[in-house]
Amino acid sequence: MPQTRYQAVFTGVTSERSAAYEFEADAELFNSKPHDVLTTAQESIETANFAEHHDYEIHAVSRNSDRDTVVGIGYLVSGKGEVPFTILVSKP
């Protein structure tokens, strides 16, 4: 299947910092369920940028189909507790 480049902007609420990541995924990604879009983004970002696995929980998802964007709110889960985050996935 054809691949397309996407962008994910991740903000850790407690750190007040944002990080933008680009990743490639199926060109039809935004035809998937919004939760699946976020899962694909998280897995792609983690595989390409981090040496270890990070558990996370997504608690809310919203899609804007007109702009091909998906926003999620959730928690990164670690031995130190839960860290709130937001993630916005779109085409660059």
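Guide: Here's a yardstick to start with: a residue counts as buried under 20% relative accessible area, exposed over 50%, and partly exposed in between. With that, take K91: at a relative accessible area of 41%, K91 is partly exposed. Keep in mind that this is a predicted model.

Visitor: Got it. How do I read the sheet, and what is the order of its strands?

Guide: The general idea is that strands of a sheet pair through backbone hydrogen bonds, either parallel or antiparallel. Here you have an open sheet of five strands, and going across it you meet β2, β1, β5, β4 and β3, with antiparallel pairing.

Visitor: Which strands stand at the edges?

Guide: Those are β2 and β3. Each has a single partner strand, so one side of each is left without a neighbour in the sheet. As for twist, neighbouring strands of this sheet are turned by 25° against each other on average, if you ignore direction.

Visitor: Let me walk in from the β3 side. How many bridges join β3 to β4?

Guide: Nine bridges link strand β3, residues 55-64, with strand β4, residues 69-78, and the two run antiparallel. For a landmark, find I58: its bridge partner in β4 is G74.

Visitor: And what do β3 and β4 form together?

Guide: They make a hairpin, with four residues between the strands. Look at D68 in that turn, which has a positive phi of about 50°.

Visitor: What happens on the next step, between β4 and β5?

Guide: β4 pairs with strand β5, residues 81-90, in the antiparallel sense over 10 bridges. T69 is a handy marker there, standing opposite S90 in β5. This pair is a hairpin too, with two residues between β4 and β5.

Visitor: How many bridges does β5 share with β1?

Guide: Six bridges join β1 to β5, and these strands run antiparallel. Check V9, whose bridge partner in β5 is L88.

Visitor: Where does the helix α1 lie?

Guide: Follow α1 and you'll see that it lies across β1, β2, β3, β4 and β5. Its direction is at about 130° to β3.

Visitor: What about the inside? How many residues does the largest nonpolar core have?

Guide: As a general idea, in a regular strand the side chains alternate between the two faces of the sheet. In this model, the largest nonpolar core has 17 residues, and F23, I87 and V89 have the most contacts inside it. β1 (3-12), β2 (17-26), α1 (34-49) and β5 each supply at least two residues of this core. The largest share, four residues, comes from α1.

Visitor: Which residues is F23 in contact with, leaving aside its neighbours within four places in sequence?

Guide: The list includes Y6, A8, L29, A41 and V89. T40 and S44 are also among the residues in contact with F23.

Visitor: Now for charges. How many salt bridges does the structure hold?

Guide: There are three salt bridges. In one of them, the side chains of E22 and R5 meet at 3.6 Å, N to O. E22 lies in strand β2 and R5 in strand β1, so this pair ties together parts that are 17 residues apart in sequence.

Visitor: And what is the distance between R5 and E24?

Guide: Their side chains meet in a salt bridge at 3.4 Å, N to O. R5 lies in β1 and E24 in β2, so here the tie is between parts 19 residues apart in sequence.

Visitor: Are these residues buried or exposed?

Guide: Use the yardstick: R5 is partly exposed at 39% relative accessibility. E22 is partly exposed at 45%, and E24 is partly exposed at 44%.

Visitor: Which residue forms a salt bridge with K91?

Guide: It's D68, with the closest N and O atoms 3.7 Å apart. D68 lies in the loop between β3 and β4 and K91 in the segment after β5, so the pair ties together parts that are 23 residues apart in sequence. D68 is partly exposed at 27% relative accessibility. Back to the other charges: R5, E22 and E24 are joined into one network by salt bridges that share partners.

Visitor: One last residue: where is E46 found, and is it buried or exposed?

Guide: E46 is in helix α1. Its relative accessibility is 16%, so it counts as buried. Not counting residues up to four places away in sequence, E46 touches E52, H53 and H54.

Note on methods:
Residues numbered from 1 in each chain as written. Predicted model: local features only at pLDDT ≥ 70, side-chain atom pairs only at ≥ 80, totals over all residues. Heavy atoms only, no water. Pairing = 2+ DSSP bridges. Core = buried A, V, L, I, M, F, W, Y, C linked by side-chain atoms within 4.5 Å. Buried < 20%, exposed > 50% of the residue type's maximum accessible area, 1.4 Å probe, protein only. Contact = heavy atoms within 4.5 Å. Axes fitted to C-alpha atoms, helices over the stretch in contact; angles between N-to-C directions. Salt bridge = Lys/Arg side-chain N within 4 Å of Asp/Glu carboxyl O.
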